[in-house]
Amino acid sequence: MKLKRLIALILVSVMLVGTLTSCFELPWGNQDTDNGGSGGSGDGSGGGTGGSGSGSGGSTDTDGKSSLVLNYSLDETTGSLTKETVSGKDYTINYVFNDQNADSLFKEPNDPLRRPGVKGNALYMDGFSNNIVNRDFNAPSSAITMSAWVAPRVFENIVHYDGASDAAGHTRMTSIINKGDIEMCEGFLLGYGRLGLWGVQLALHNEETEEDFVVGFYDPINALPLYEWSHVAVTFDGNTGYIGLFYNGEMAYEAIIPELVATSIIYTEEPLRVGCYVSPQIEFGIKRQMVSGLLDEVRIYSSALTPKAIGEIYGDTDSTDAHPALDFKDIALDSSVYEGDRYRPQYHAIPPAVWMNEPHSPFYYKGMYHVFYQHNPAGPYWSQIRWAHIASEDMIHWKYVKDAVVPTAGICPEGIWTGGACIGPDGTPWLAITAGTNLYGNPNHGGQNVAFAHAADPNDPYLTEWIVEDKLVITQPNDNSQGEREQFRDPFVWYDDGTYYMMVSTSIPGAGGSAVIYTSENMREWEHRGYLYQCDYNRYPEQGAHWECVVMLPISTKDGSKTKYILFDCPQYTVDGYTVECYYWIGEFDKNTCRFIADNDQPRLFDLGRGVYTGQNGFCFLTEEDIASGKTSYEDGRTILYAIAQGKDAGTAQNYTAGWAHNFAIPLELWLTDDGTDVIREPIKEVELLRKETLYSYSGEGVTVDEVNSEISELRGDMLEIRAKLVLDPTSPEYAGGFLLRYNPNTVDGKTEKTEIIFSERGVYVERIQSSLLDYVNRQPSHTWAKVKNEYEITILLDRSMLEVYVDGVISFTTRIYPRYGDSDYLKVFDNNANIKFTELSIYRMGSAYSDTVTPPYYGNMGNLGD
């Protein structure tokens with residue numbers, strides 16, 4: 001057994017090189033003939049010993065019609081069933097949003113999606129839930145052909161099978177067709193994987209030696225492309241030892257291998273699976289190795305079809321062209337499946353589907369704002385990260401753009417992490433990406449370096465296509481001399497007065513987080529300038545052992561009389577007890593020495609929402625209007641900050657049921673306070689474009705809480721903007737007053753739902769203890785801003801589960817609300833000995849950032865607390 005496995009691995013390594021020749025006579029002879037031979041077919045029981053035939057190999061079934069044993073044409077237009085046409089039976093398309101999951105969903109169920117296919121319709125595969133399980137299928141054993149059309153949206157990069165397995169050394173693959181656990185030496189798998197590698201894995205039994213072993217064969221010539229149709233087919237004949245791989249109807253590899261003669265596919269009781277694997281890798285509770293993209297015309301034959309027959313299968317499409325074309329809109333992630341999701345924000349920037357990490361690399365170019373974000377299009381979990389892209393004319397209303405940078409062989413095969421952007425010396429945008437390579441052989445992330453990408457067409461207003469340069473621009477040395485090895489990512493780049501600057505987040509070995517900084521005059525030759533700033537890690541461990549998303553931006557007073565710099569970091573910790581949040585320092589930047597000089601080394605927490613606001617990134621830019629008015633300095637530009645608003649308080653176990661995770665916080669405009677000691681942060685003024693209706697408005701000498709409540713008692717909504725000025729005149733040493741959001745006027749068994757924004761003798765904070773009656777929701781309060789005053793100015797942005805609170809322009813609370821009941825959408829103000837009066841109060845109903853209408857939130861499976 002060990003010998004056989006070694007032989008199989010040697011064969012695989014040869015095939016991957018792509019220099020395959022065979023000294024064996026192939027069974028087909030002249031491929032233009034219909035002559036076959038013995039290739040045999042299984043007896044239909046799943047454990048057959050092969051059929052009969054004559055000749056040197058192949059099958060007497062030259063066109064495949066008589067040996068077709070499974071066919072999913074996937075032509076249905078609606079419904080959750082699909083027909084297997086050989087048996088005539090209907091099978092469920094497993095899907096997270098199917099009716100059988102209705103009790104657990106945050107939206108109404110919907111059918112699996114269909115798209116135009118190569119022949120009729122195709123099945124839209126979301127990458128984490130769509131699959132078909134057939135428990136009736138009896139697999140061939142001595143000969144088999146598998147055929148399918150697939151258009152991948154992403155290539156998974158998954159660890160190889162365990163070293164103790166018979167499949168050790170073979171890669172785990174995204175599964176198109178699977179029956180049995182290859183790792184347990186059972187069955188077969190047709191699939192694809194890292195960077196478009198595709199092939200077949202077979203668990204075989206040698207009938208002469210009684211040995212069991214696993215072989216894998218992978219196309220040595222062709223890699224599957226993203227967003228395009230590919231036809232893949234594999235034939236195996238255990239009587240002759242023949243194996244053949246066919247890509248788009250053409251032979252990619254074939255051979256007769258003596259070690260495969262007199263072998264059969266090992267029987268398994270596992271059902272046949274389409275689009276998933278029997279024993280997949282699990283990430284954050286979600287299954288991997290599932291097709292993300294489109295799938296069509298999945299077939300299995302109980303014979304080793306001839307190359308001519310496979311060519312005919314390839315040609316059997318609706319296309320009038322030589323190869324079926326695919327419109328990108330048909331494979332793009334579809335946000336419509338989330339219509340009515342009661343927690344999914346509507347006027348915040350959000351990916352069309354599944355997973356995002358931090359936004360980054362914003363820039364302004366020819367009247368359009370562009371921003372990118374870390375993205376996994378295969379499911380709502382972190383993995384195989386790439387750069388997704390959205391664009392806007394106002395930073396509020398967003399258009400989805402094709403993913404900009406994906407893992408690329410040689411430069412960034414292991415992933416593309418956060419980076420920066422600026423207008424380069426040629427006048428076009430340059431993206432500075434964190435290029436994940438295998439430079440140091442790290443099996444998790446590999447080397448982390450910097451590369452550039454450029455817009456393929458700088459005149460395209462959406463900058464749809466990007467090209468990654470074919471070499472790294474900055475390679476981190478392997479000696480900790482430019483930051484700790486493997487802690488080197490998230491380049492941030494800007495241009496100022498003839499010099500390009502680049503910071504890369506890292507850590508000083510043994511001394512905590514920092515950033516290395518480089519300068520260049522042409523974006524090509526970069527000079528290492530040392531560490532930007534070192535904060536005493538022993539004294540301030542909250543800054544983090546490593547830094548990520550380091551951003552430094554100029555901030556000026558609103559009158560422009562004073563300018564400083566603000567330095568942000570998102571810390572990474574090596575010990576427990578800390579929450580990843582956003583910290584900052586205010587100080588000066590010495591452009592000659594490339595050093596940041598903090599006014600105070602004490603890191604300050606930027607947002608008090610407790611771990612929801614992270615992964616900050618920003619830019620300072622001049623609009624065309626600014627330039628026309630005579631502004632030329634980088635420091636004269638508008639300073640904007642982006643960040644991720646994490647959804648983890650809902651419980652990561654709910655990501656599968658939701659089908660998405662995280663969104664952007666509202667972009668903030670930053671200024672320096674007049675005294676130069678703090679940063680003013682305000683939602684960008686463009687947020688006013690989202691206002692659809694004024695629900696309440698008051699400005700005057702002051703109205704009491706009772707007077708306000710009498711006016712707004714019937715007001716309901718989960719998409720609101722609230723602006724207020726309030727004056728407190730406490731009547732007791734202990735007092736509290738403020739707002740109740742997502743408030744439920746009903747109490748049942750002493751329980752209700754509400755989220756409180758509280759102004760008290762302790763300061764200001766957001767209390768979430770009663771924000772949800774769902775038992776899995778994290779309901780911890782925010783941090784407290786220990787600033788006790790008699791007057792406050794407040795801005796509240798409520799968007800389904802999103803809550804952002806800005807107080808006096810100098811502090812913010814970004815958090816989440818997940819009420820269980822549909823009637824938890826009232827608004828109320830309260831006063832416990834605070835003696836509050838509102839001198840200004842405006843409440844607006846907000847619209848969508850993506851459409852003219854908004855689907856009401858779905859609570860059909862929860863109902864109302866008051867019912």
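**Notebook: strands β20–β22, the β28–β31 sheet, cysteines**

I began with β21, where both faces are covered: M368, H370, F372, Q374 and N376 on one side are buried, and so are Y369, V371, Y373 and H375 on the other. The model is predicted, so I kept that in mind throughout. I then looked up the burial count for the strand. Nine of the nine residues of β21 (residues 368–376) are buried, so the strand is largely enclosed by the rest of the structure.

Next I checked the strands that pair with β21. β20 pairs with β21 in the antiparallel sense, over seven bridges. I picked out one facing pair there: Y364 stands opposite Y369 in β21. I also looked at the connection. β20 and β21 form a hairpin with two residues between them. K366 sits in that turn and has a positive phi of about 50°. On to β22 (residues 386–392): this strand runs antiparallel to β21 and is joined to β21 by seven bridges. Here H375 stands opposite R386 in β22.

I moved to H360. Which strand holds H360? I found H360 in β20 (residues 354–365). Is H360 buried or exposed? Its relative accessible area is 0%, so H360 is buried, the cut-off being under 20%. I listed the contacts of H360, leaving aside neighbours within four places in sequence. Among them are V371, F372, Y373 and Q374. W387, T418, G419 and N617 are also in contact with H360. I noted a polar contact too: the side chains of H360 and S361 are joined at 3.0 Å.

S361 deserved its own entry. This residue is also found in β20. S361 is buried, at a relative accessible area of 1%. I looked up its backbone: phi of S361 is near 55°, a positive value in a residue other than glycine. I set this against the general rule. Most residues other than glycine have a negative phi.

I then turned to D497. Where is D497 placed? I located D497 in the loop between β28 and β29. Phi of D497 is near 55°, again positive in a residue other than glycine. What is the relative accessibility of D497? I read 71%, so D497 counts as exposed, the cut-off being over 50%.

That loop led me to the sheet. Four strands form an open sheet, in the order β28-β29-β30-β31, with antiparallel pairing. Why is one side of β28 and of β31 left without a neighbour in the sheet? β28 (489–496) and β31 (527–531) stand at the edges with a single partner strand each, so one side of each has no neighbour in the sheet. I also noted the turn between neighbouring strands here: 25° on average, direction ignored.

Inside this sheet I followed one pairing. β29 (residues 499–507) and β30 (residues 513–520) run antiparallel and are joined by eight bridges. I took one bridge as a marker: the partner of M503 is I517 in β30. A general note belongs here. Strands of a sheet pair through backbone hydrogen bonds.

Last, the cysteines. How many disulfides are there? I counted zero, with the cut-off for a pair of cysteine sulfur atoms set within 2.5 Å. I checked burial for C185 and C276. C185 counts as buried at 7% relative accessibility. C276 is buried as well, with a relative accessible area of 7%.

How values were computed
Residues are numbered from 1 along each chain as its sequence is written. This is a predicted model: local features need pLDDT of at least 70, side-chain atom pairs count only at pLDDT 80 or more; totals for chains, interfaces and linings use all residues. Side-chain values use heavy atoms; hydrogens and water are left out. Two strands pair if DSSP finds at least two bridges between them. Axes are lines fitted to C-alpha atoms, for helices over the stretch in contact, and angles run from 0 to 180 degrees between N-to-C directions. Buried means under 20% relative accessible area, exposed over 50%, partly exposed in between (1.4 Å probe, protein chains only). A polar contact is a pair of N or O atoms within 3.5 Å; within protein, one must be able to donate a hydrogen and the other to accept it, and residues adjacent in sequence count only if both atoms are side-chain atoms. Contact means heavy atoms within 4.5 Å.
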